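I opened a fresh page for this one and kept notes as I went. Here is what I looked up, in the order I looked.

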Amino acid sequence: MGRHMEASAPSGKTTRDLIVETADRLFYENGFDHTSFADIAGPVGISRGNFYYHFKSKDEILDAVIQLRLAGTAAMLAAWAENNDDPATRIGSFIDMLIANRAKIMAYGCPVGTLCNELAKLDHLALPRAGEIFTLFRDWLCHELTRLGHAPEEADTLAMELLARSQGVATLASAFRDEAFLRREVAQMHAWLDAQRLTPPPT
């Protein structure tokens, strides 16, 4: 008795879930430093007291947001692996994220890159944790490139090249609001990927 009961939204998500998801969106759209407790509490529809029951500081929310993004990235990579066994097709799914998310990318940039850049400027202790999202992509791409026939060290170099290029495309597409540029770059990355296949595709 007297124990705080966790409220649930109509969707079945808990209040804590809604706080984290709202913070995730606002950190992306407005930036971590420019998002306040009130900014997050308003859309969730909770009081300040209820908010502080779940999170005592914005850094605690940031930790939860990064964990949400890590889990989401891991699930997405697993889904790509499950849907197709061809490594080039899997890597193509990574490239095509720029097309699938083009509206948000042109408006706000890459969610991973923008967060890492902001945390770096703030010299925030959470930067290494946020950078783990890039590490997930790097390790996954490296694994798939080895399946295309590349030696591990070369595969890692190529994985970093593709990550760097996708980040550059996201940054410039956001700066210029240029979808045609984004689409051209995606097509060129697919051509680059075709050139990396050293083993024949599965039959």
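My entries below go from the whole chain down to single residues.

**Entry 1: the whole chain**

I note at the start that this is a predicted model. I began with the secondary structure and found ten helices and zero strands. Reading from the N terminus, I wrote the order down as α-α-α-α-α-α-α-α-α-α. I then took the extent of the C-alpha trace, which spans about 65 × 40 × 30 Å along its principal axes.

How much of the protein is buried? I got 42% of the 203 residues. I also looked at how far apart in sequence the contacting residues lie. Among contacts between residues at least 6 apart in sequence, 66% join residues at least 24 apart.

**Entry 2: the nonpolar core**

Which residues touch the most other members of the largest nonpolar core? The core has 58 residues, and Phe51, Ile61 and Phe94 come out with the most such neighbours. I followed Phe51 a little further. Setting aside neighbours within four places in sequence, I found Phe51 in contact with Ile19, Phe37, Ile40, Ala41, Ile46 and Ile61. Ile61 thus turns up in my notes both as a contact of Phe51 and in the trio named for the core.

**Entry 3: helix 4 against helix 5**

Next I looked at helix 4 (residues 58-83) and helix 5 (residues 87-100). Their axes come within 9 Å and cross at roughly 135°. The angle lies between 115 and 145 degrees, so I filed helix 4 as oblique to helix 5. The crossing is right-handed.

Which residues make the contact? From helix 4 I listed Met76, Trp80 and Ala81, and from helix 5 Arg90, Ser93, Phe94 and Met97. By class I have five nonpolar, one polar and one charged residues there. Phe94 was a name I already had, from the core trio.

**Entry 4: helix 9 against helix 10**

I did the same for helix 9 (residues 152-176) and helix 10 (residues 179-195). They pack at an angle of about 170°, and their axes are 10 Å apart. An angle over 145 degrees counts as roughly antiparallel, so that is how I labelled helix 9 relative to helix 10.

The helix 9 side of the contact has Leu158, Glu161, Leu162, Arg165, Ser166, Val169, Leu172 and Ala173. The helix 10 side has Phe181, Leu182, Glu185, Gln188, Met189 and Trp192. Sorted by class, the contact divides into nine nonpolar, two polar and three charged residues.

**Entry 5: two positive phi angles**

I then checked the backbone for positive phi at residues that are not glycine. Asp123 has a phi of about 50°. I found Asp123 in the loop between helix 7 (111-122) and helix 8. Is Asp123 buried or exposed? I have it as exposed, because its relative accessible area is 67% and the cut-off is over 50%.

Arg177 also went into the list, with a positive phi of about 50°. This residue is in the loop between helix 9 and helix 10. Arg177 is exposed, with a relative accessible area of 53%.

**Entry 6: Phe134 and Asp156**

I placed Phe134 in helix 8 (residues 127-147). Its relative accessible area is 21%, so I call Phe134 partly exposed; buried would need under 20%. Beyond its neighbours within four places in sequence, Phe134 is in contact with Val112, Gly113, Cys116, Leu163 and Gln167.

How far apart are the C-alpha atoms of Phe134 and Asp156? I got 13 Å, for residues 22 apart along the chain. Asp156 belongs to helix 9, and this residue is partly exposed at 22% relative accessible area. Not counting residues up to four places away in sequence, Asp156 touches Arg138 and Cys142. I also took the C-alpha separation of Asp156 and Leu141, which are 15 residues apart along the chain, and it is 7.8 Å.

**Entry 7: Gly92**

My last lookup was Gly92, in helix 5. Is Gly92 buried or exposed? Gly92 is buried, since a relative accessible area of 4% falls under the 20% cut-off. Gly92 touches His190 and Leu193, leaving out residues up to four places away in sequence. For Gly92 and Leu136, 44 residues apart along the chain, I noted a C-alpha separation of 16 Å.

Methods:
Residues numbered from 1 in each chain as written. Predicted model: local features only at pLDDT ≥ 70, side-chain atom pairs only at ≥ 80, totals over all residues. Heavy atoms only, no water. Helix = DSSP H or I, 4+ residues; strand = E, 2+ residues; numbered from the N terminus. Buried < 20%, exposed > 50% of the residue type's maximum accessible area, 1.4 Å probe, protein only. Contact = heavy atoms within 4.5 Å. Core = buried A, V, L, I, M, F, W, Y, C linked by side-chain atoms within 4.5 Å. Axes fitted to C-alpha atoms, helices over the stretch in contact; angles between N-to-C directions. Parallel < 35°, antiparallel > 145°, perpendicular 65-115°, else oblique. Left-handed = near helix turned anticlockwise from the far one by under 90°. Nonpolar A, V, L, I, M, F, W, Y, C, P; charged D, E, K, R; others polar.
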